[in-house]
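The exercises below concern helix packing and charged side chains, and each is followed by a worked solution. Please inspect the model before reading on.

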Amino acid sequence: MSKPDERPLYVGKAEDSLVTRDVSTHFGNGRTGSSTVRRSFAALLREPLRLSALPRNPDRPERFANYGLSREHDERLTAWMRTNLELAVWPKPEDCEFSLLEVERVLLGELRPPLNLKDVRTPWSAQLKTARAAMARQARTWAQRAGA
């Protein structure tokens, strides 16, 4: 994947809690299956971090596009993210007349962050989708081998 410029890698909104959404889910161990941004980083870092996908819920494997990682691999990804990424926030002013969804859509259109897949097309979108599809296939293969 070619190197992105100085734009944010990902933009998202937290309707309820930044701690729950960003700190616990995106930057927390064991949450790759619940975080689109973690799945994107896992897919792009699969080889350098030696990550392997498995179903988000190995006991009931389904929806392989929402793949997860083993505990060890989740910890490896989290360590990389905490070392290499920064989290920035914009608290919505109380007098802001726009919804968070409206603000998010404008930012996505203007910034075109390379790890956002919904509502954004960038020079990196196809590469990211291909990398994520490879991880989804890996999770499906894991389930088939496990007899699930």
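Buried means under 20% relative accessible area, exposed means over 50%, and partly exposed is what lies in between. The model is a predicted one.

**Exercise 1.** Determine how the axes of helix H2 and helix H5 cross, and which residues make the contact.

*Solution.* Begin with the axes: those of H2 (residues 36-44) and H5 (residues 125-146) come within 8 Å and cross at roughly 90°. Angles of 65 to 115 degrees count as roughly perpendicular, and the two helices are therefore described in that way. Next, list the contact: H2 contributes Thr-36, Arg-39, Ser-40, Ala-42, Ala-43 and Leu-44, while H5 contributes Leu-128, Ala-131, Arg-132 and Met-135. Sorted by class, these are six nonpolar, two polar and two charged residues. Finally, consider the covering of H2, where seven of the nine residues are buried, among them Arg-38 and Phe-41.

**Exercise 2.** Is Arg-38, the salt-bridge partner of Asp-74, buried or exposed? Classify Arg-46, the partner of Glu-47, in the same terms.

*Solution.* The search of the whole structure gives four salt bridges. In one of them, Asp-74 pairs with Arg-38, with the closest N and O atoms 2.9 Å apart; this pair joins helix H3 (residues 71-84) to helix H2 across 36 residues, and both partners are buried. Glu-47 and Arg-46 form another salt bridge, at 3.8 Å from N to O. Arg-46 has a relative accessible area of 25% and is therefore partly exposed, whereas Glu-47, at 62%, is exposed.

How values were computed:
Residues numbered from 1 in each chain as written. Predicted model: local features only at pLDDT ≥ 70, side-chain atom pairs only at ≥ 80, totals over all residues. Heavy atoms only, no water. Axes fitted to C-alpha atoms, helices over the stretch in contact; angles between N-to-C directions. Helix = DSSP H or I, 4+ residues; strand = E, 2+ residues; numbered from the N terminus. Parallel < 35°, antiparallel > 145°, perpendicular 65-115°, else oblique. Contact = heavy atoms within 4.5 Å. Nonpolar A, V, L, I, M, F, W, Y, C, P; charged D, E, K, R; others polar. Buried < 20%, exposed > 50% of the residue type's maximum accessible area, 1.4 Å probe, protein only. Salt bridge = Lys/Arg side-chain N within 4 Å of Asp/Glu carboxyl O.
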